[in-house]
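This briefing sets out selected features of one protein chain, grouped by topic. Please read it alongside the sequence and the coordinates.

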Amino acid sequence: MKKIMAFLEKYFVPIAGRIGSQRHLVAIRDGFVVIMPIIMAGSFAVLINNLPIAPYQNLMTSMLGESWKSFGGQVWMGSFAVMSLLVNFTISYNVAKSYNSNAVAAGAVSLASLMAIMQPAAEAFAIPYQWTGAVGLFVSIFVALVSSEVFVRLLGNPRLVIKMPEGVPPAVAKSFAALFPSIITLSIFALLKVFTVLAGVTDIHALVNDIVQAPLLKLANSMGSALTIAFVNHLLWFFGLHGSNILEPVMQTVFMQTLDANISAFQAGAAIPNIVTKPFFDAFVYMGGSGTTITLIAAIYIASKRKQYRSLANMAAGPGLFNINEPVIFGMPIVLNPIFMIPFICVPVVTTIISYIALASGIVPKTVAMIPWTTPPIISGYLVTGGSVMGSLLQIVNLIIGIAIYMPFVLMAEKLDTEKATEEA
């Protein structure tokens with residue numbers, strides 16, 4: 001164990017730390033964080049519109065008429081339907097902000113560059129909405145990262161800056177300073193579109209979807225990918241690295257698309273296609289936070305007689321109900337604690353397997369809603385499955401299993417602490 005720990009600390013932790021602080025990955029993470037309230041609004045709108053309870057549907061129709069779902073539909077149009085456009089701006093904004101550059105201008109240029117490479121819809125030269133939602137995220141993120149890098153570097157070139165005389169309002173001067181960098185950046189993507197058309201590729205989004213995106217999403221919707229995410233996240237946490245933040249770009253880019261496909265199917269009354277989504281982890285794996293530590297708190301209440309542990313449980317129980325578990329991770333501590341390393345990683349892996357099987361077999365409906373990550377267990381399971389009690393029952397099963405796994409390690413840690421205290425005395 002010591003050799004493994006030494007190897008991981010020497011090679012794994014430094015690499016993970018650099019990845020977690022990498023400028024572009026941080027920008028992707030923060031860009032999605034900005035739009036998360038909008039995405040949740042759209043998710044709740046879909047859930048309200050399609051809650052599969054016949055008396056509720058009949059009541060709403062009788063009170064508001066047959067078109068009562070149009071309000072929720074418009075909320076969805078302003079959120080999930082334009083997700084790629086929103087996140088393109090926010091990611092580019094955060095990249096430019098990390099360079100202390102003109103973030104708003106970078107975001108505007110990035111959005112313009114994305115529109116420049118889009119293939120218009122056939123009817124009335126319209127915006128192609130099939131690529132403005134989650135399906136277009138890969139291209140949107142790529143354009144945001146490349147355009148913002150090009151724009152920031154051009155903006156830093158004094159030869160391309162138009163200097164205005166004194167007395168000109170700062171906003172106007174700033175706008176003219178970004179004139180040539182904006183023109184050049186936008187022209188690069190316009191030329192890219194021209195060259196791809198000459199090469200016989202009229203729709204860049206469709207090409208990326210067929211070659212990269214579709215195969216990757218099929219791979220992501222597997223038990224193997226879910227187990228990899230669960231394992232790596234908690235291994236990072238064990239070494240004191242914020243695993244959730246480090247993996248957030250992957251979670252948002254890949255698993256938000258699988259959720260979007262589920263929501264579209266749910267709206268259409270079709271079969272829900274994907275098992276592994278972001279709410280899958282939030283609701284069924286990360287109960288109480290990473291490590292499913294709400295089950296550790298329960299195990300302490302059940303098995304521990306040590307005053308120190310029970311005091312920590314009392315302090316951490318309230319935040320733990322809302323999936324905030326820093327008091328446990330750093331107060332126990334779990335970080336670099338070899339006794340709790342096994343259950344901290346094992347519980348999420350086991351609950352991932354159980355949850356995947358439950359959803360794959362149809363015992364529990366697949367996830368169709370994005371909820372705030374602070375939503376307490378039992379409630380979250382009901383909401384993410386579109387109002388199914390089976391979602392809550394699955395959470396209860398996972399909680400019981402998590403408690404059973406943590407309890408022997410709580411007793412072991414308590415025994416070792418008692419022996420150590422006795423030796424010191």
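Phe239 is buried, with a relative accessible area of 10%. The model in which this residue is placed is a predicted one. The chain comprises 19 helices and zero strands, and Phe239 belongs to the loop between α11 (223–238) and α12. The points below cover the chain as a whole, then its aromatic pairs, its salt bridges and the surroundings of one serine.

**Phe239 and its position**

- At 10%, the relative accessible area of Phe239 falls under the 20% limit for a buried residue.
- Phe239 and Ile35 are separated by 204 residues in sequence, and their C-alpha atoms lie 30 Å apart in space.

**The chain as a whole**

- Taken along the principal axes, the box filled by the C-alpha atoms of the chain is roughly 75 × 60 × 45 Å.
- The chain has 425 residues, of which buried residues make up 49%.
- The exposed area of the chain is about 19,600 Å², and carbon and sulfur atoms supply 71% of it.
- Of the contacts between residues at least 6 apart in sequence, 73% join residues at least 24 apart.

**Aromatic pairs and a charge over a ring**

- The count of aromatic pairs in the model comes to eight.
- One of these pairs is formed by Phe255 and Phe281, which are edge-to-face, with 5.7 Å from centre to centre and 65 degrees between the planes.
- Phe255 lies in helix α12 (residues 243–268) and Phe281 in helix α13 (residues 278–284), so this pair ties together parts that are 26 residues apart in sequence.
- Phe255 and Phe281 are both buried.
- The ring centres of Phe281 and Tyr286 are 5.9 Å apart and their planes are at 25 degrees; the pair therefore counts as stacked, the limit being under 30 degrees.
- Phe281 is buried, and Tyr286 is buried as well.
- One aromatic cluster is formed by Phe255, Phe280, Phe281, Phe284 and Tyr286.
- Elsewhere, Arg23 lies over the face of Tyr99, at 3.9 Å from the ring centre.

**Salt bridges**

- Side chains of opposite charge can pair when their charged atoms come close.
- The structure holds four salt bridges.
- One of them links the side chains of Asp30 and Arg29, with an N to O distance of 3.1 Å.
- Asp30 has a relative accessible area of 24% and is partly exposed, whereas Arg29, with a relative accessible area of 17%, is buried.
- Another salt bridge joins Glu248 and Lys278, whose closest N and O atoms are 3.8 Å apart.
- Because Glu248 lies in helix α12 and Lys278 in helix α13, this pair ties together parts that are 30 residues apart in sequence.
- Glu248 and Lys278 are both buried.
- Lys278 also meets Asp282 in a salt bridge between their side chains, at 3.3 Å from N to O.
- Both Asp282 and Lys278 lie in helix α13, where they are four residues apart, about one turn of the helix.
- Asp282 counts as buried at 17% relative accessibility, and Lys278 is buried with a relative accessible area of 8%.
- Glu248, Lys278 and Asp282 are joined into one network by salt bridges that share partners.

**Surroundings of Ser355**

- Ser355 lies in helix α17 (residues 338–360) and is buried, its relative accessible area being 0%.
- The side chains of Ser355 and Asn398 make a polar contact at 3.0 Å.
- When its neighbours within four places in sequence are left aside, Ser355 is in contact with Phe280, Phe284, Leu394 and Asn398.
- Two of these contact partners, Phe280 and Phe284, are members of the aromatic cluster that also includes Phe255, Phe281 and Tyr286.

**Helices α12 and α13 in review**

- Two of the side-chain pairs described above link helix α12 with helix α13: Phe255 with Phe281, and Glu248 with Lys278.
- The residues of the aromatic pair are buried, as are those of the salt bridge.
- Within helix α13, Lys278 and Asp282 are four residues apart, and their side chains meet in a salt bridge.

Definitions and conventions: Residues are numbered from 1 along each chain as its sequence is written. This is a predicted model: local features need pLDDT of at least 70, side-chain atom pairs count only at pLDDT 80 or more; totals for chains, interfaces and linings use all residues. Side-chain values use heavy atoms; hydrogens and water are left out. Rings of Phe, Tyr and Trp (its six-membered ring) pair if their centres lie within 6.5 Å; planes under 30 degrees apart count as stacked, over 60 as edge-to-face and the rest as tilted. Buried means under 20% relative accessible area, exposed over 50%, partly exposed in between (1.4 Å probe, protein chains only). A charge sits over a ring if NZ of Lys or CZ of Arg is within 6 Å of the ring centre and within 35 degrees of the ring normal. A polar contact is a pair of N or O atoms within 3.5 Å; within protein, one must be able to donate a hydrogen and the other to accept it, and residues adjacent in sequence count only if both atoms are side-chain atoms. Contact means heavy atoms within 4.5 Å. Accessible areas come from the Shrake-Rupley method with a 1.4 Å probe; for residues, only the protein chains shown count as cover.
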